[in-house]
Amino acid sequence: MDLSSKNSRLFLDGITKRYPGCLANDDISIRVDPGSIHAILGENGAGKSTLMKIIYGVVKPDSGKLYWEGQETKINAPVDARKLGIGMVFQHFSLFQTLSVVENIALGLDQNTSSDLDELAERIVEVSAKYGMPLEPHRLVHTLSTGERQRVEIVRCLIQDIKLLILDEPTSVLTPQEVNSLFETLRQLAAEGSSILFISHKLKEIQSLCDSATVLRGGRVSGACNPREESTTSMAKMMVGDETQISSEYPKAKDSLQDFLSVQHLNLKTDDIFGIDLKDINFSARKGEILGIAGVAGNGQTELLSALSGETILEEPNVIVFPDSDLTHCNPMQRRALGMGFVPEDRLGHGAVPDMSLRDNALLTGFLQGLIGRGFLKNKAIDGFTASIIDQFDVKCGGHNSLAKSLSGGNLQKFIIGREVLQTPKCLIAAHPTWGVDIGAATSIHKALIALRDQGASIIIISEDIDELFTISDRICALFDGQLSPIKPTNETTIDELGSWMAGVFGRQQVA
Amino acid sequence: MRIKLEARGQQSKLMSYASPILAAVLTLICGAFLFWILGKPPLQALHTFLIMPISDPYRIAELLVKAGPIVLCAIGLSICFRANVWNIGAEGQLLMGGLVGSCAALWLLDAQGIWVLPVVLLAGIVAGAAWAAIPAFLKNYFNTNEILSTIMLNYISLNILLHGVHGPLKDPDGFNFPESAMFSDWQIMPIILDGTRLHLGVTFALLAMVGIWVLMSRTFVGFQIKVLGGDERSAHFAGFKEKRLVWLCLLICGGLAGLAGVGEVTGPIGQLVPNISPGYGYAAIIVAFLGRLHPLGILFAGLLMALLYMGGEMVQIQLDLPRAITGVFQGMLLLFLLICDVLIAYRFVIEKSVSKRVEPSISIESQTVAIEGK
């Protein structure tokens with residue numbers, strides 16, 4: 001195998017990493033050449049993140065060898081990786097909100113290079129301009145948009161001589177326009193000879209950007225290909241295996257005119273200093289349709305959901321009306337009694353209690369489904385309800401008494417969606433219904449939502465995944481900085497238009 | 001070959017039951033060592049400390065008399081702790097129950113009839129609950145940390161009690177001793193086993209055990225309490241009324257602790273004295289955790305704790321050792337329990353050093369687990 005490490009930038013040979021109860025990486029070998037943009041493709045839990053952490057020295061492999069520019073190398077810590085010229089942009093940014101851009105970047109550098117902040121600021125301006133990612137070095141990080149924060153992370157890597165840049169799901173926080181400009185930057189970097197490892201599960205992006213790809217499934221390499229020569233379907237098959245059904249076409253709902261849930265002049269000042277105030281939001285969700293609300297995370301989604309669910313109680317009357325009742329003073333329990341259902345964005349520790357069984361978590365919001373009699377728990381009914389969620393939504397678990405936290409993210413999400421859908425709500429409000437869920441499970445969640453819609457329910461989906469919103473929603477809009485864009489039927493708008501709404505370009509007069 | 005602490009994939013059921021037993025065994029071993037340092041033969045001392053207190057039926061009855069108030073307080077605390085309401089104030093609630101119960105008894109000193117005792121007991125329960133209502137109010141409306149407010153209220157209630165017993169409640173015919181008048185027969189708990197001090201109050205502990213068990217495992221309110229303690233955000237999401245649940249937990253606990261207090265003054269003591277509790281309310285905190293917050297576990301842990309109290313008196317009499325031994329044993333028991341609880345989420349693995357790679361003894365991943373687990 002030594003031959004194949006020749007002339008390569010990075011060569012992994014038989015990397016294996018075992019965690020208690022799970023083999024995260026099983027004999028993985030990958031070769032990355034200088035100037036190549038290499039995709040690591042796989043579903044959640046396929047072992048992508050573990051592998052990247054091994055390359056960056058955060059995690060140590062149990063066995064296997066790593067060759068850097070042909071030499072066998074041990075990377076014991078991120079410091080070693082940075083010395084070799086490896087930079088990593090994590091999915092969750094590691095920036096201090098209250099510090100400025102230059103201060104944040106200085107913190108990640110070696111002491112001798114970071115002593116002079118003014119000099120560093122000049123270099124930041126220089127590097128960021130060169131790669132088309134303008135940054136103001138003295139702005140505080142909490143005033144930056146998500147896209148700009150990602151630039152800080154990337155510039156932090158570029159300020160040193162970079163030979164390998166690892167990006168973990170970088171596009172999930174960007175608008176489509178921002179994705180395009182990121183890709184320009186990455187192509188320019190590759191042209192200058194840097195190698196790029198691009199982790200993603202979005203096949204179209206990989207096709208447009210990458211020149212080689214390694215597909216992981218269940219901790220093993222399940223295929224390697226040139227993405228430009230493959231169809232998205234063939235790559236998806238490598239990713240999920242043959243048995244999983246991948247379907248993505250759903251009929252749109254017939255025009256419905258009956259307003260079900262209406263929101264008028266919703267203003268909300270948040271107590272969280274890093275939260276987003278909601279500014280005069282108006283919309284109505286109609287019976288028998290799915291309304292999609294797009295937006296980059298941190299533009300008021302959390303606040304909107306908590307106002308709709310009643311976790312935050314509004315003061316002004318008649319802001320949220322469903323179908324004829326004013327919900328101003330209704331807490332989440334009363335809203336559920338009126339026929340509403342909610343799926344919060346965090347499944348563990350919000351949508352489900354981590355240390356409680358599935359049975360208890362079924363009861364958590366299902367208590368209005370005849371599970372309680374005179375204040376006492378009806379154990380048989382609870383077992384029945386739990387069993388029907390597990391059966392109908394194909395939740396893989398150890399049984400009714402498995403703890404919520406023992407389930408994989410995708411299975412827990414199926415459980416939570418199932419719990420809400422089986423209560424046949426008249427109005428379901430779901431945040432990121434398929435976030436981190438594998439393709440097969442996402443398809444079944446989408447089918448369940450469409451079926452609920454066809455029964456006449458009104459569904460609101462808040463999601464960052466534009467493809468998902470275009471697939472299932474009947475009308476679509478975007479949230480930017482606590483303001484809502486115009487709402488259009490999905491088949492009368494384009495990804496570009498939605499992208500510009502997500503970036504805040506919409507007629508403000510409609511909002512004002 | 002090295003021994004390494006590794007995160008288990010999931011919590012070990014076996015260890016969560018074995019840990020209190022392991023803690024008890026370690027306490028015994030260290031206790032024996034302690035006696036040896038103090039110059040007493042360890043085995044004989046342990047025999048005096050732990051076996052002699054239960055060597056005849058009278059003493060067993062005494063054990064139950066001591067366990068009663070401890071279990072009552074611990075049962076109450078268990079529902080607070082389940083809800084993540086860290087009530088450390090069972091001692092103060094107990095003292096207030098004893099004090100106000102005594103006031104009621106003294107006020108009704110000449111009254112006769114079967115109704116007198118229930119009125120006295122009710123006064124104690126209400127007083128304990130009212131004392132617990134203070135931290136509940138502060139927590140709900142001013143977001144005050146209940147750990148601090150309940151601890152401070154313990155000292156306040158002790159001083160109110162001392163003021164009462166040295167002042168207005170002192171027996172006028174009592175030769176200026178800081179004691180109230182003796183209660184009348186109508187105010188004293190009936191003895192349920194002749195020849196012993198075993199009184200009706202002990203059965204209250206059993207009733208409370210059953211009642212709280214039903215509440216926590218069979219009712220929706222109990223479920224809501226568990227959700228609140230397990231994950232406050234989920235409770236909020238489900239629309240449970242958190243403030244109401246905090247009120248409920250603290251009022252129930254206060255009521256039970258108050259009952260324990262009034263049960264002492266109308267039971268084995270028979271009058272109000274300055275020291276109606278040798279720290280039962282504090283011991284109950286250990287008992288609640290040692291019993292895994294489960295009523296049956298609390299019963300066993302409460303009996304063990306009562307045994308430590310009696311053992312302390314026994315070594316004082318027989319071996320001329322200070323009664324503070326009881327406190328040392330209580331402390332060791334809690335310490336070892338907390339230590340052994342690590343094994344619920346972690347396990348020891350023996351690693352044969354084949355590779356020369358140096359790894360930190362707790363890897364980054366397991367630390368992450370520990371943080372998430374908290």
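This report covers the fold of chain B, its helix 1, and the contact between chains A and B.

**Chain B overall**

The model is predicted. Chain B comprises 14 helices and 2 strands. The C-alpha trace spans about 85 × 60 × 35 Å along its principal axes. The radius of gyration of chain B is 23 Å, which agrees with the value near 21 Å for a compact globule of 374 residues. Of those 374 residues, 47% count as buried. Among contacts in chain B with a separation of 6 or more, 78% come from residues 24 or more positions apart.

**Helix 1 of chain B**

The table sets out the basic values for this helix.

| Feature of helix 1, chain B | Value |
|---|---|
| Residue range | residues 13–37 |
| Number of residues | 25 residues |
| Span, first C-alpha to last | 37 Å |
| Expected span at 1.5 Å a residue | 36 Å |
| Kink at S19(B) | about 35° |
| Phi of G39(B), which follows the helix | near 85° |

The span of helix 1 is close to the expected one. Even so, the helix has a kink at S19(B). That kink lies shortly before the proline P20(B).

Which residues of helix 1 are buried? They are S19(B), P20(B), A23(B), T27(B), G31(B) and F35(B). The kink residue S19(B) is thus on the buried list, as is P20(B). What covers these buried residues includes three other helices of chain B: helix 2 (42–51), helix 11 (280–290) and helix 13 (325–345).

After helix 1 comes G39(B). The phi of G39(B) is positive.

**From strand 1 to G39(B)**

A7(B) sits in strand 1 of chain B, which runs over residues 2–7. Why does A7(B) count as buried? Because A7(B) has 20 C-beta neighbours inside 10 Å, and 20 or more is the cut-off. In sequence, 32 residues separate A7(B) from G39(B). In space, their C-alpha atoms are 42 Å apart.

**Contact between chains A and B**

Here 30 residues of chain A are in contact with 23 residues of chain B. On the chain A side, helix 10 (332–337), helix 11 (358–366) and strand 18 (376–377) each supply at least two residues. The chain A residues on this side divide into 17 nonpolar, 9 polar and 4 charged.

Conventions. Residues numbered from 1 in each chain as written. Chains lettered and ligands numbered in written order. Predicted model: local features only at pLDDT ≥ 70, side-chain atom pairs only at ≥ 80, totals over all residues. Helix = DSSP H or I, 4+ residues; strand = E, 2+ residues; numbered from the N terminus. Expected span 1.5 Å × (residues − 1). Bend = angle between axes of the 7 residues up to and from the residue. Buried ≥ 20, exposed ≤ 12 C-beta atoms within 10 Å, placed from the backbone. Contact = placed C-beta atoms within 7 Å. Nonpolar A, V, L, I, M, F, W, Y, C, P; charged D, E, K, R; others polar. Rg over C-alpha atoms; globule rule 2.2 N^0.38 Å.
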